[in-house]
Amino acid sequence: KPRAMSFERLLKTIHSWLGVMILPWVVAAGFTGLYMNHADLVLSLFPDTAHYDASLFDASPLARPVDEAAALAIAGAVVPGGELALQDDEDWFHDRHVYSFDAGDYYVIVDRQTGFVWTNGRYRTQTFTPEGARIHTRVRWGRVLSSIHERGWVGSDLGTWLADIAAGALVVFGLSGLVLFVAPRVRRAKNRRVKAAMLRAMAAKG
């Protein structure tokens, strides 16, 4: 019995610390799981995610048509030091005829008609003037929430190991909680049977 009690105390300590450690991921998994089933409701809690109105480009005094060389220069000014590779000189983005440059983790997209620029990544799209001034940022909250749900954080560079650890810890947390719930009840039931047997034995002797 002392050995069993010592094991339960150890299990209770492990259970308590696991609860504290995985609580942020339990909350995140619950919230992002709610997003999976009710996307519009959850996204309504976040700042506006509308795209910048590209029709405003045409009325800007900075607007001017650009060729491929000018587009590359503008893109290079927005992403200094980055290697840019033209993907498609006949591409379209938000109904605009554009030059699309691959910058590695994202694309730099230059509007052919006005020289305005987007940087389009997995989690956000930013809009710039031809001079490189940022005028708008759109966060893709849906992708952010999906990444947190699948990987435990935002990004994919290190895979899903954090989510896997949290899932494993949650399994241990659940099993340890089950043991801590069942063991005392089993022990009390056993003690009651022993006590009842002793009382019966004493009554038989008396």
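A surface patch, as the word is used here, is a group of residues with over 30% relative accessible area and no salt bridge, in which like charges are joined within 9 Å. With that in mind, let us walk through this structure, which is a predicted model.

Our tour starts on the surface, where Arg185, Arg188, Lys190, Arg192 and Arg193 gather in a patch of positive charge. Take Arg188 as an example: this arginine sits in helix H6, which covers residues 161-205. Arg188 has a relative accessible area of 43%, so it counts as partly exposed and passes the 30% cut-off for joining a patch.

There is also a nonpolar patch to look for. Val171, Leu175, Leu178, Phe181, Val182 and Val186 make up about 560 Å² of nonpolar surface. Phe181, one of these residues, belongs to helix H6 and is partly exposed, at 48% relative accessibility.

Stay with helix H6 a moment longer and find Arg187. Which residue does arginine 187 pair with in a salt bridge? The partner is glutamate 8, and the closest N and O atoms of the two are 2.5 Å apart. Because arginine 187 lies in helix H6 and glutamate 8 in helix H1, the bridge ties together parts that are 179 residues apart in sequence. The two ends differ in their surroundings: Arg187 is partly exposed at 22%, while Glu8 is buried at 11%.

Glu8 has brought us to helix H1, which spans residues 2-37 and also holds Thr32. Is threonine 32 buried or exposed? With a relative accessible area of 2%, Thr32 is buried. A polar atom of the Thr32 side chain lies 2.7 Å from the backbone oxygen of Ala28. The side chain of Thr32 also makes a polar contact with the side chain of His149, at 2.8 Å.

Now let us turn to the strands. Asp91 is found in strand S1 and is partly exposed, with a relative accessible area of 26%. To get a sense of scale, compare Asp91 with Ile22: they are 69 residues apart in sequence, and their C-alpha atoms are 45 Å apart in space.

After strand S1 (85-93) comes a loop that leads to strand S2 (96-102), and His94 is found in this loop. Asp95 has its place there too. Most residues other than glycine have a negative phi. Yet phi is near 50° in His94 and near 65° in Asp95, a positive value in each case. His94 is partly exposed at 34%, whereas Asp95 is exposed at 75%.

Just past the loop, we meet Arg96 in strand S2. Side chains of opposite charge can pair when their charged atoms come close. Arg96 forms a salt bridge with Asp58, with 2.9 Å between the closest N and O atoms. Asp58 lies in helix H3 (residues 56-59), so this pair ties together parts that are 38 residues apart in sequence. Arg96 is buried at 12%, but Asp58 is partly exposed at 45%.

Arg96 also forms a salt bridge with Asp111, again with the closest N and O atoms 2.9 Å apart. This pair links strand S2 to strand S3 (residues 107-111), its members being 15 residues apart. Asp111 is buried, with a relative accessible area of 1%. Through shared partners, the salt bridges join Asp58, Arg96 and Asp111 into one network. Across the whole structure, a search finds 3 salt bridges.

Definitions and conventions:
Residues are numbered from 1 along each chain as its sequence is written. This is a predicted model: local features need pLDDT of at least 70, side-chain atom pairs count only at pLDDT 80 or more; totals for chains, interfaces and linings use all residues. Side-chain values use heavy atoms; hydrogens and water are left out. Patches are made of residues with over 30% relative accessible area and no salt bridge: like charges are joined within 9 Å, nonpolar side chains (Val, Leu, Ile, Met, Phe, Trp, Tyr) within 5 Å. Accessible areas come from the Shrake-Rupley method with a 1.4 Å probe; for residues, only the protein chains shown count as cover. A salt bridge is a side-chain nitrogen of Lys or Arg within 4 Å of a carboxyl oxygen of Asp or Glu. Lys and Arg count as positive and Asp and Glu as negative; His and the chain ends are not counted. The place of a charge is taken as NZ of Lys, CZ of Arg, CG of Asp or CD of Glu. Helices (H or I, at least four residues) and strands (E, at least two) are DSSP runs, numbered from the N terminus. Buried means under 20% relative accessible area, exposed over 50%, partly exposed in between (1.4 Å probe, protein chains only). A polar contact is a pair of N or O atoms within 3.5 Å; within protein, one must be able to donate a hydrogen and the other to accept it, and residues adjacent in sequence count only if both atoms are side-chain atoms.
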